[in-house]
Amino acid sequence: METPNPNPPSPNHPPLPFPWADTSPEAFDKELCDLVVAVAPRIFAVVQEYEVDPGVKDGCVAAWGMAFDDGPVRVITIDGARQFVLNTPERALRWFTGHGGEDQVSARLVWLGRSAAADFTHAEAA
């Protein structure tokens with residue numbers, strides 16, 4: 001059996017919000033957007049580089065990845081044909097580095113900067 005609360009809230013006095021809390025819908029939306037930015041995964045590209053002529057390199061983006069603070073890394077190739085779940089972003093490099101004959105392909109990670117803003121509207125956030 002549950003013990004009744006000896007000091008039940010008065011129906012005449014609703015609970016007071018924290019004096020520093022702004023409870024407006026706009027403030028809540030801003031707080032949610034700030035949270036999204038704070039916990040967003042880091043986005044990176046896996047780029048491949050290769051020599052086209054002696055001393056002349058070319059390159060391409062081979063895949064995109066997302067690295068979460070606590071958890072696995074997700075990588076998907078540009079054409080969407082292959083997806084990987086890896087322990088670290090650096091593990092993706094082995095899948096995109098090749099040594100076929102004289103043509104050596106190396107791979108690197110290129111990190112995108114963290115966004116400073118979030119928005120509920122797709123067009124505004126892009």
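A disulfide, for our purposes, is a pair of cysteine sulfur atoms within 2.5 Å. With that criterion, a search of the whole structure, which is a predicted model, returns zero disulfides.

Let me stay with two of the residues for a moment. C33 is buried, because its relative accessibility is 13% and the cut-off for that class is under 20%. C60, by contrast, has a relative accessible area of 33% and is therefore partly exposed.

I turn now to the interior. The largest nonpolar core comprises 13 residues, and those with the most contacts inside it are F44, V46, V75 and F96. Which elements give two or more residues to this core? They are β1 (42–53), β2 (56–67), β3 (73–77), β4 (83–86) and β6 (103–111). Of these, β2 supplies the largest share, namely three residues.

V75 merits a closer look. Leaving aside residues up to four places away in sequence, V75 touches F44, A63, W64, G65, R82, Q83, F84, L86, A92 and F96. Two of those partners, F44 and F96, also appear among the core residues with the most contacts.

Finally, I would draw your attention to N87. This residue lies in the loop between β4 and α2 (93–96). Is N87 buried or exposed? N87 is exposed, because its relative accessibility is 61%, and that class begins over 50%. As for its surroundings, the C-alpha atom of N87 is separated by 7.6 Å from that of G71, and the two residues are 16 residues apart along the chain.

Thank you for your attention.

Note on methods
Residues are numbered from 1 along each chain as its sequence is written. This is a predicted model: local features need pLDDT of at least 70, side-chain atom pairs count only at pLDDT 80 or more; totals for chains, interfaces and linings use all residues. Side-chain values use heavy atoms; hydrogens and water are left out. Buried means under 20% relative accessible area, exposed over 50%, partly exposed in between (1.4 Å probe, protein chains only). A nonpolar core is a set of buried Ala, Val, Leu, Ile, Met, Phe, Trp, Tyr and Cys residues joined through side-chain atoms within 4.5 Å. Helices (H or I, at least four residues) and strands (E, at least two) are DSSP runs, numbered from the N terminus. Contact means heavy atoms within 4.5 Å.
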